[in-house]
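Reader: I am new to reading protein models, and I would like to learn to do it one feature at a time. Please give me the general idea behind each feature and then show me the case here.

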Amino acid sequence: ESICGMFLATASSPEVWQQQGGEFLQRKQYWNARLCFQRAGDDFNERLCNALELEHEADKASVGTLQKAKEMYVRAATMF
């Protein structure tokens with residue numbers, strides 16, 4: 001289970017989810033942030049986290065195959 005799910009298992013307020021999502025986003029914990037923003041109903045920040053997560057994966061992939069990294073960067077850019 002995600003940190004977000006464990007930490008806010010009882011939270012139901014969109015404001016609380018939004019705040020926690022912002023904290024995860026600042027710590028670059030994009031997956032957890034995305035879940036919180038999803039539960040807050042914040043489509044923009046949810047998509048932003050998807051793009052940032054993909055960009056992060058592309059950074060890691062650039063060490064391996066340049067073509068794969070390039071494709072991931074292009075996909076991430078279209079999400080912004």
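Author: Let us begin with one helix and its neighbour: the buried residues of α5 pack against α4. Buried means under 20% relative accessible area, exposed over 50%, and partly exposed in between, with a 1.4 Å probe and protein chains only; a contact means heavy atoms within 4.5 Å. Helices are DSSP runs of H or I with at least four residues, strands are runs of E with at least two, and both are numbered from the N terminus. This is a predicted model, in which local features need pLDDT of at least 70 and side-chain atom pairs count only at pLDDT 80 or more, while totals for chains, interfaces and linings use all residues. Residues are numbered from 1 along each chain as its sequence is written, and side-chain values use heavy atoms, with hydrogens and water left out.

Reader: Which are the buried residues of α5, and which exposed residues does the face turned away from its buried side carry?

Author: A69, M72 and A76 are the buried residues of α5. They lie on the same side of the helix, because they cover an arc of only 65° around the axis, where the arc is that of the directions from the helix axis to the C-beta atoms. The face turned away from this buried side carries the exposed residues K70 and T78. You can also check the length of α5, which covers residues 66–79: its 14 residues should span 20 Å at 1.5 Å a residue, and its end C-alpha atoms are 20 Å apart, which agrees. The expected span is 1.5 Å times one less than the number of residues.

Reader: How many helices and strands are there in the protein?

Author: There are five helices and zero strands, so the elements, read from the N terminus on, run α-α-α-α-α by the DSSP rule. Of the 80 residues in the protein, 35% are buried. Among the contacts with a separation of 6 or more, 29% are between residues 24 or more positions apart.

Reader: Which residues make up the largest nonpolar core?

Author: A nonpolar core is a set of buried Ala, Val, Leu, Ile, Met, Phe, Trp, Tyr and Cys residues joined through side-chain atoms within 4.5 Å. The largest one here has seven residues in all, namely W17, F24, A33, C36, F37, A40 and C49. At least two residues of this core come from each of α2 (14–26) and α3 (30–40), and α3 gives the largest share, four residues. A second, separate core has six residues, including A58, A61, M72 and A76.

Reader: How many of the eleven residues of α3 are buried?

Author: Eight of the eleven are buried, so by the cut-off given above α3 is mostly covered. The buried residues are Y30, N32, A33, R34, L35, C36, F37 and A40. One of them, N32, has a relative accessible area of 8%, and its C-alpha atom is separated by 9.1 Å from that of Q20, twelve residues apart along the chain.

Reader: Which residues does R34 touch, and with which side chain does R34 meet in a salt bridge?

Author: Side chains of opposite charge can pair when their charged atoms come close. A salt bridge is a side-chain nitrogen of Lys or Arg within 4 Å of a carboxyl oxygen of Asp or Glu, and by this rule the count comes to two. In one of them, the side chains of R34 and E53 meet at 3.9 Å, N to O; this pair links distant parts of the chain, with R34 in helix α3 and E53 in helix α4 (residues 43–61), 19 residues apart. R34 counts as buried at 15% relative accessibility, whereas E53 counts as partly exposed at 23%. Leaving aside residues up to four places away in sequence, R34 touches E46, C49, N50 and E53. The other bridge joins E23 and R27, whose closest N and O atoms are 3.8 Å apart; E23 is partly exposed at 31% relative accessibility, and R27 is partly exposed at 48%.

Reader: Which residue other than glycine has a positive phi?

Author: Most residues other than glycine have a negative phi. K28 has a phi near 60°, a positive value; K28 lies in the loop between α2 and α3 and counts as exposed at 60% relative accessibility. A glycine, G41, takes a positive phi of about 80° just after α3.
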